[in-house]
Amino acid sequence: MKNILVLTDFSERAMSAAEYAMQLAIHIKADITLCHALEITQQLTYPLADHLVLRNQTVKRLRALGMHLNTFVEGHSEDDFSPSISYINDLDMLPDVVEKLVSNNHFDLVVIGATKSSSVSRFFFGSHTSDILDFVTRPVLLVPENVSFKSIDNVAYATDLTFNNTKVINYLAQLATVFGARITVDHITPLDLPLTKAEQAVEDSLINQMEAKNVRIRYKTLKGDSVAKGLLELSDAEKVDILTLVHKRYDFFEGLFHSSVSKQLAYTSKIPLLVMPYSFSVDNEDLVYAG
């Protein structure tokens, strides 16, 4: 995990996310790219000079943000890693900017500020977050406003056992190794039904993968009528530092991220939400098909 893309609209919410990303980058030894999208509609009606002025103003604000983030390095020892910070501002809609950047650059993580349900900011509201989760092929970390970074001790990963979890476990294991954190894998099921043969095969594979990793990993089953409520209760009860889900566009996770349940999690979670891309569940060599 060497490069982090941080999206900002210069709001307080985005500032919290950028600060979290910077402190995470110091620990995992990653560099940061700060990105702002100049989302101007009817672009042709604006003179080129106005566009240049806006770009120059944005660059100044990005550099000011970068100077602020660098103050977090000052509290560490001289031997600690100091992330390099680069800047990008582009004249396009945010989801298009992000998709283009991750396609042309090797970013390991995209960080954005999570929207509160009462927010009217257009930057992370509604379709922007949905489009980013649908089309960006990198893990996305949504950081709630006013969440301060602390050492990561417990990473919870919720899965419905419809696919092999190799990619997710490998990614989380890298993160857990840096902090000496525990990974708690929760099989989430709204119904108290026995596992199918396909689900049992995935569970066995998952447990074998966990045993092969040199990290503290625990597996358990989470049952309840409301999966979203169960995940929120889990986060509070077990002092979870990061809650992880895979963004699948079919079966269980289709409903999770394309309904009010997704908004409930994204807007009400008090901890960072790490959303793995859809591609993590549909790789031809990774997917387990039910017969």
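Colleague: What makes β9 and β10 a pair of strands, and in which sense do they run?

Modeller: In this predicted model, strand β9 (residues 242-246) and β10 are joined over four bridges in the parallel sense, and since pairing requires at least two bridges, the two strands count as paired. One point along them is L243, which stands opposite L273 in β10.

Colleague: How do you know that β5 also pairs with β10, and which residue of β10 is the bridge partner of L142?

Modeller: Strand β5 (residues 140-143) is joined to β10 by three bridges, the two strands running antiparallel, and the cut-off of at least two bridges is again met. The bridge partner of L142 in β10 is L273, a residue that also has L243 opposite it.

Colleague: Which way do the residues of β10 point, and are they buried or exposed?

Modeller: From strand β10 (residues 273-276), L273 and V275 point one way, whereas L274 and M276 point the other way, and all are buried. This follows the general pattern, because in a regular strand the side chains alternate between the two faces of the sheet.

Colleague: Why is the contact of R55 with D90 called a salt bridge?

Modeller: The closest N and O atoms of R55 and D90 are 4.0 Å apart, and because the rule asks for a side-chain nitrogen of Lys or Arg within 4 Å of a carboxyl oxygen of Asp or Glu, the pair is counted. R55 lies in helix α2 (residues 48-70) and D90 in strand β3 (residues 85-90), so the pair ties together parts that are 35 residues apart in sequence.

Colleague: Why is D90 called buried, and R55 partly exposed?

Modeller: D90 has a relative accessible area of 16%, and buried means under 20%; R55, at 28% relative accessibility, falls between that cut-off and the 50% over which a residue is exposed.

Colleague: What makes R55, D90 and K100 a network?

Modeller: D90 also forms a salt bridge with K100, the closest N and O atoms being 2.6 Å apart. The latter pair links D90 in strand β3 to K100 in helix α3 (residues 94-104), 10 residues apart. R55, D90 and K100 are thus linked in a network of salt bridges.

Colleague: What do the side chains of K150 and D241 form, and is each residue buried or exposed?

Modeller: They meet in a salt bridge at 3.7 Å, N to O. K150 lies in the loop between β5 and β6, and D241 in the loop between α7 and β9, so the pair ties together parts that are 91 residues apart in sequence. K150, at 55% relative accessible area, is exposed, whereas D241, at 8%, counts as buried.

Note on methods
Residues are numbered from 1 along each chain as its sequence is written. This is a predicted model: local features need pLDDT of at least 70, side-chain atom pairs count only at pLDDT 80 or more; totals for chains, interfaces and linings use all residues. Side-chain values use heavy atoms; hydrogens and water are left out. Buried means under 20% relative accessible area, exposed over 50%, partly exposed in between (1.4 Å probe, protein chains only).
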